[in-house]
Amino acid sequence: MRFTSRPAAAVIGVTLAATALTGCTEEAVGTSGPTEAAAACDPADVKLVGQVRNESNPYEAAWLDGGDAFAEQVGLTQERLTYDGDSTRQQEQISQLLAGDTDCLVMNVLPNGDSDTPPIVEGAEGAGAYLVTQWNKPADLNVADYQYWLSHITYDGVASGKQIGDALAEAIGGSGGIIALQGILDTGAAKDRFAGLEESLAANTGVELLDDQTANFSRAEALEVTKTLLSKHGDDVKGIWAANDDMALGALEALQQAGRTDVAVVGIDAVPDALTAIEDGAMTATVSSDGPWQGGIGLAIGYCVATGELAVEDIAAEDRAWFAEQFLITADNVADFTSPETDPADFECANVFNRSQGAIS
């Protein structure tokens, strides 16, 4: 997806036995990783799988829709998997996939938390399945130490957390109390975004953080947490910082029920309901990571390597684990983001790293 208008560690090594690949050229996979010759799957034999927490989250539903768009572009279908935020269920789904035919299997995965990523990576490595992960991984887990873990994509959560923090500070006139709704605490996204809020608070000294609690990226949980915090802090609450839009929307519902139309709310993800709320003036700001693009790009990278159009050794070091572009959305530019249209060029092999903002440090 491309918007029509937008602002211009030590790791255990795994030795793979030589394998004859059905639908792929019969060459041994050496310790240097899948080469262009060894990875020449027939495009029709590639199996595409996208896995997110749930489709009730509009952002994650859009992610899977983007995977469908890429699959259609190359004449395939995507298997859509959801695990309802249950790490055990996620691992079971991955194990089932890897116990089957992994020849030319491509997986684009959202690990539930940082600690969920290592077993997924090691499983894919042992099975010879092409893997792209997004958002969550331990900081000391190095993509370049693996052969089939092709890339890890995330966003600068500190920057986005600060962006919406600054927008919130501006909306409340630079002073007043706010509450913060944190995401799943065992995720890099939640940790980084809250660190960004802390940076914003350091810069906007008139803004006071009254309270923060996790609502696990859930609208329903955010509704209940916000009710509790509103009851606790009353009129002192001038703004609500939420680590994603689903929680921001839950907070908005709580505010509506309480008759509090004077409280500014910010989030992250640019889901359709949040964009509508910004248009209507009910919400102040969000940040877009372009979920449909995420859903397509992870599959595209895997597909390009699997079919031999891209060799792992030719992927630049900074593109093995990288930050992707993101966009701050306010009332001033929300119209630019409400009507995204598919651009197949985003998923062409020559372009799959075009949105890189640099390596994850």
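Reader: Where is Phe217 found in this predicted model?

Author: Look at the stretch that links a strand to a helix in this predicted model. The strand is β7 (207-214) and the helix is α6 (219-233). So Phe217 sits in the loop between β7 and α6.

Reader: What is the phi of Phe217, and is Phe217 buried or exposed?

Author: Phe217 is not a glycine, yet its phi is positive, at about 60 degrees. As for cover, its relative accessible area is 11%. Buried means under 20%, so Phe217 counts as buried.

Reader: Which loop holds Asp290, and is Asp290 buried or exposed?

Author: Asp290 is in the loop between β10 (286-288) and α9 (291-306). Asp290 has a positive phi of about 60 degrees as well, although it is not a glycine. Its relative accessible area is 2%, and the cut-off for buried is under 20%. So Asp290 is buried.

Reader: OK, on to the sheets. What is the order of the strands in the open sheet of 4 strands?

Author: The pairing in this open sheet is parallel. At its edges stand β7 and β9 (264-266), each pairing on one side only. The twist averages 20 degrees from one strand to the next. Read across, the order is β7-β6-β8-β9.

Reader: Which residue in β8 is the bridge partner of Leu181?

Author: Start with the two strands: β6 covers residues 176-182 and β8 covers residues 237-242. They pair in the parallel sense over 5 bridges. In β8, the bridge partner of Leu181 is Ala242.

Reader: Which strands does α6 lie across, and at what angle does it run to β7?

Author: Two helices can be placed against this sheet. α5 packs on it, touching β6, β7 and β8, and its direction makes about 170 degrees with that of β6. α6 lies across β6, β7 and β8, and its angle to β7 is about 140 degrees.

Reader: How do α4 and α5 pack: at what angle, and how far apart are their axes?

Author: Helix α4 spans residues 157-171, while helix α5 spans residues 188-203. Their angle is about 45 degrees, and their axes are 6 Å apart. That angle makes α4 oblique to α5. The handedness of the crossing is right-handed.

Reader: Which residues meet where α4 touches α5, and how many of the contact residues are charged?

Author: On the α4 side you'll find Gly157, Val158, Ser160, Gly161, Lys162, Gly165 and Asp166. They meet Asp192, Arg193, Ala195, Gly196, Leu197, Glu199 and Ser200 in α5. Sorted by type, the contact has 3 nonpolar and 6 polar residues, and the number of charged ones is 5.

Reader: And α2 with α3: are they roughly parallel or roughly antiparallel?

Author: Helix α2 (residues 87-99) packs against helix α3 (residues 117-127) at an angle of about 5 degrees, with axes 10 Å apart. Angles under 35 degrees count as roughly parallel. Therefore α2 and α3 are roughly parallel.

Reader: How many residues of the contact of α2 with α3 are nonpolar?

Author: From α2 come Gln90, Gln91, Ile94 and Leu98. They meet Pro119, Ile120, Gly123, Ala124 and Ala127 in α3. Among the contact residues there are 3 polar and no charged ones, and the nonpolar count is 6.

Reader: Which strands stand at the edges of the open sheet of 7 strands?

Author: The order is β2-β1-β3-β4-β5-β11-β13, with mixed pairing. An edge strand here has a single partner strand, so one side is left without a neighbour in the sheet. The edge strands are β2 and β13 (356-359).

Reader: How many residues of β1 are buried, and which residue in β3 is the bridge partner of Leu48?

Author: Strand β1 (residues 47-52) is mostly covered, with 5 of its 6 residues buried. β1 runs parallel to β3 (residues 105-109), joined by 5 bridges. In β3, the partner of Leu48 is Val106.

Reader: Which residue of β2 does Gly50 stand opposite?

Author: β1 also pairs with β2 (residues 78-82), in the parallel sense over 5 bridges. Leu48 stands opposite Gln78 in β2. For Gly50, the residue opposite is Arg80.

Technical notes: Residues are numbered from 1 along each chain as its sequence is written. This is a predicted model: local features need pLDDT of at least 70, side-chain atom pairs count only at pLDDT 80 or more; totals for chains, interfaces and linings use all residues. Side-chain values use heavy atoms; hydrogens and water are left out. Axes are lines fitted to C-alpha atoms, for helices over the stretch in contact, and angles run from 0 to 180 degrees between N-to-C directions. Angles under 35 degrees count as roughly parallel, over 145 as roughly antiparallel, 65 to 115 as roughly perpendicular and the rest as oblique. Contact means heavy atoms within 4.5 Å. Ala, Val, Leu, Ile, Met, Phe, Trp, Tyr, Cys and Pro count as nonpolar, Asp, Glu, Lys and Arg as charged, and the others, Gly among them, as polar. A crossing is left-handed if the near helix is turned anticlockwise from the far one by less than a right angle, and right-handed if clockwise. Buried means under 20% relative accessible area, exposed over 50%, partly exposed in between (1.4 Å probe, protein chains only). Two strands pair if DSSP finds at least two bridges between them.
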